[in-house]
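Please look through the sequence and the structure shown below before reading on. The report that follows goes through a few parts of the model in turn.

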Amino acid sequence: MLPSTFEDYLEAVLTVTGNGRQPATMQDIAAALGTGRATAETTIASLVEEGYLERATGDAVRLTEKGRSVAAGVARKHRVLQCFLTEMLGVDADAASKEACTLEHGISDETIERLSSYMEGAEPPQERIRRCRGREACTLLDCKEGDTVRVAMIRGPRRNRRLLDLGIFPGEVVQIRRKLPNQSVVVRVKGCDIAISPEIATSIIVESCP
Amino acid sequence: MRLALVGNPSVGKSLIFNQLTGLGVEVSNYPGTTVELQRGNTCFQREMVELVDLPGIYSLEGNSDEETLVRGFLDRQDTDAVIAVVNVTRLERNLYLLLQVAEYGLPMVVVLNMADEALKQGLEIDPGPIRDLLGVEVILTAASQGKNIDRIIPAALAATRPSKGEIPYDHHVEAAVRSLGKMFPADRKESIRALQGFGDNPEMLEAARTIADEIESRHRMTVAQIIAANRHNFARRIADLTLKEEAMLPRTDLDSILTRVFPGIPILLGILVGMLLVVFIVGSFLEEVIVGLFNVFAIQPFLALGLPPLAEALGTSVLLALQAGFGIAFPYVFLFYIIISVLEDSGYMTRAAFLADSAMHRVGMHGGAVIPLTLAFGCNVPAIMSIRLLHSRRERIIASFLVTMVPCSARTVIIAGIVAGFVGIGAAFSVYAIVFVLILITGLVLSRVAPGERFGMIMEMVPLRRPDPRLVMKKAWSRLSEFLFIAMPLLLAGSVVLGLLGFFGIMAIFEQMVEPYTMALLGLPGYSATALIFGILRKEMAFETLAILAGTADLGMVLSSLQLYIFAVVTVLFVPCLATITVLLREVGSRITLAITLYTVALGLLIGALMYRIMA
């Protein structure tokens with residue numbers, strides 16, 4: 001389960017480069033997602049660390065085999081959903097594309113397969129597909145005291161086994177109980193308060209924070 | 001018969017163990033207290049039952065020392081039944097471990113402890129679902145009031161069937177378990193562990209890794225994450241069935257004051273300084289009383305006997321050693337241990353660790369290091385033992401250096417007795433200031449040069465609770481007796497040797513030999529070198545020895561303020577005492593111990609010499 005932000009980024013790299021074999025520059029990616037360069041850079045760095053992207057010349061990155069399969073999967077979901085929304089339900093193209101951007105992250109492979117065969121493989125022409133805007137990927141450190149967030153991913157999952165055993169794993173909802181100016185945080189999970197050092201908190205990527 | 005207690009940290013395992021066996025096991029309210037197996041016996045219907053208290057852990061698949069120890073113990077099937085202790089106010093998280101223990105297939109009984117606190121929080125507990133789903137006996141207890149504790153042993157002895165509960169795993173994991181079970185003679189538990197890379201059959205691990213890679217690429221989560229999530233979700237289901245929340249009663253949330261920068265940090269500093277002040281003031285008052293009583297009722301009557309000179313010298317040495325031992329042990333060490341026990345049992349230490357985390361990062365450790373560093377103010381020996389709760393060797397090395405530099409209560413005696421007594425209380429605090437600055441510098445330097453990976457802190461904030469005075473006294477007493485056990489023989493032997501050396505005039509020769517050097521380097525008379533050397537045995541002996549060798553307890557008469565000040569600073573920094581060196585050897589090895597010893601000697605002499613140059 002990859003956070004939707006990451007899927008957006010991989011999808012953007014794929015669309016920027018056409019077939020996904022050429023490298024894409026940081027600027028292109030940021031532009032495609034309509035996000036700032038600095039935000040793009042931190043997320044790209046995580047994706048490189050996780051092995052979805054690899055560094056090419058300069059600040060450009062290229063999709064790895066693993067990244068390509070994710071990106072292609074998401075892109076396909078987008079196309080199928082958009083087609084379904086416009087052709088079958090008659091939703092306006094712009095609105096359909098926007099909806100598809102959200103739905104593509106939650107829907108299962110199986111449902112997409114069935115939807116696709118239901119529509120007999122119809123897909124909208126490539127040029128009518130709008131790109132999805134990038135959302136901000138944030139870590140536990142970007143949240144405020146009192147926020148309730150869902151853990152999306154943990155970077156370097158093999159490093160901090162204790163997080164798993166205390167109940168901090170992808171999909172779990174946690175509440176930020178305390179955040180000191182020096183970035184140490186306390187989160188409440190399963191009714192227990194857990195104190196976490198900044199360098200560990202920064203490896204916990206969360207969703208649905210402001 | 002042998003029974004083992006398993007559970008999360010701070011669930012009341014040690015308390016239950018204590019009540020069942022009547023032994024003095026230490027109970028602490030911070031994770032990682034019990035690092036070794038505690039064993040005790042109890043009698044039930046004329047049958048001997050051996051109880052084993054396993055260290056508190058969060059999981060059987062982690063890699064900390066405690067987790068490895070418990071895993072090994074359960075793997076050997078070294079017990080007839082398992083008593084799984086659960087904190088019912090944190091049921092869901094506790095059930096996660098319980099489910100792992102249930103997979104081991106040992107006969108089991110579940111103890112839902114802290115039922116009284118759950119009631120106070122407005123929780124209604126129904127033990128039925130756990131009994132039905134896991135097929136084991138469930139007992140509701142309140143260990144702090146001793147309620148239902150007597151039902152545990154009979155239930156555990158009657159438990160013969162292993163738990164029948166099975167965790168429903170993700171279907172890919174279940175498929176993997178089935179195929180591993182066909183390929184190898186492995187049961188469910190072994191297959192699950194092989195998928196996470198645990199086990200001793202290399203072929204099976206190889207096969208499990210291939211399957212795990214396949215599952216990981218499909219789920220984009222590691223197998224360990226999937227398995228943990230399945231267990232947590234099952235635990236949540238059971239917890240939801242077991243607990244019914246009536247009305248959430250409003251609770252005062254002390255953490256809203258304790259864990260904020262303000263007023264949290266002032267409170268933390270206030271507690272540390274207050275602790276030192278209390279030990280300083282009350283301790284020195286009590287010490288005077290005890291030393292005075294000893295003089296009047298033991299030493300003077302003994303001298304009045306008029307024994308032959310050699311016997312008199314020996315007897316006086318023994319009496320002086322006893323006087324020094326009791327004069328320090330009770331006022332300073334006991335007092336300190338009482339305060340520390342209150343802090344530990346209340347759960348405040350984990351708050352202190354959280355607040356100090358970023359400060360500790362600067363000196364190359366994480367917040368957990370606050371616990372050994374605070375303990376070190378009492379005695380370095382238990383402090384060195386507690387550095388095990390730091391994860392990496394790098395942190396343990398840094399902590400062992402810094403802990404040995406912290407002025408323990410014996411060194412407080414020197415600072416209070418020599419500097420506060422003859423120079424002034426302000427000067428006494430300046431000695432602390434000098435030592436703290438040196439500790440800080442050492443930490444900053446070590447965090448740059450010490451090799452190894454950095455680890456952050458992931459620490460559970462244990463619930464705050466009111467410490468039980470009986471338990472506090474019991475714990476302080478057991479630590480004090482440990483201290484006396486290590487310190488007293490050394491003190492007696494050292495004192496007798498010193499008495500004999502003085503009697504035969506060997507001391508005088510040694511002093512004449514070193515006097516030119518100590519005078520040139522530190523401006524101190526020769527006999528102060530002897531006092532320093534005896535300080536290696538026990539730090540406070542440096543003070544006692546100095547008084548004996550100077551021939552008067554009124555040191556201000558024979559030495560100048562500067563000399564006394566320099567003597568105190570050098571003694572405080574100079575070499576950890578013998579007992580500390582012994583535990584250092586056990587915990588960090590001979591090379592690091594030697595490095596620490598050389599470093600502290602050099603530092604003590606260097607700082608002393610610098611002071612003499614600048615101030616004289």
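## Domains of chain A

In this predicted model, the domain assignment divides chain A into domain 1 (1-136) and domain 2 (138-207). Between the C-alpha centres of these two domains of chain A there is a distance of 27 Å.

## Where the chains meet

Chain A and chain B each give 31 residues to the contact. On the side of chain B that touches chain A, at least two residues apiece come from α3 (91-102), α10 (223-242), α14 (348-362) and β9 (458-461), and the residues of this side are twelve nonpolar, 13 polar and six charged.

Strands also take part across the two chains, since strand β7 (residues 192-196) of chain A is joined to β9(B) by four bridges, with the two strands running antiparallel. Within this pairing, A:Asp193 stands opposite B:Met461 of β9(B).

## Nonpolar cores

In soluble globular proteins, nonpolar side chains tend to be buried together. The largest nonpolar core here has 199 residues, and those touching the most other members include B:Ile83, B:Val110 and B:Ala568; helix α13 (residues 309-346) of chain B provides the largest share of this core, with 13 residues. A second core, separate from that one, has 22 residues, among them A:Leu10 and A:Ala71.

## A helix of chain B

Helix α19 (residues 425-449) of chain B contains 25 residues and spans 37 Å from its first C-alpha to its last, which is close to the expected 36 Å. The buried residues of α19(B), namely B:Ala428, B:Val431, B:Ile439 and B:Gly443, pack against α17 (393-405), α18 (409-422) and α25 (561-573) of chain B.

Conventions:
Residues are numbered from 1 along each chain as its sequence is written. Chains are lettered from A and ligands numbered from 1 in the order in which they are written. This is a predicted model: local features need pLDDT of at least 70, side-chain atom pairs count only at pLDDT 80 or more; totals for chains, interfaces and linings use all residues. The expected span of a helix is 1.5 Å times one less than its number of residues. A residue is buried if 20 or more other C-beta atoms lie within 10 Å of its own, exposed if 12 or fewer, and partly exposed in between; C-beta atoms are placed from the backbone. Two residues are in contact if their C-beta atoms, placed from the backbone, lie within 7 Å. A nonpolar core is a set of buried Ala, Val, Leu, Ile, Met, Phe, Trp, Tyr and Cys residues joined through C-beta atoms within 7 Å. Domain bounds come from an automatic or database domain assignment. Ala, Val, Leu, Ile, Met, Phe, Trp, Tyr, Cys and Pro count as nonpolar, Asp, Glu, Lys and Arg as charged, and the others, Gly among them, as polar. Two strands pair if DSSP finds at least two bridges between them.
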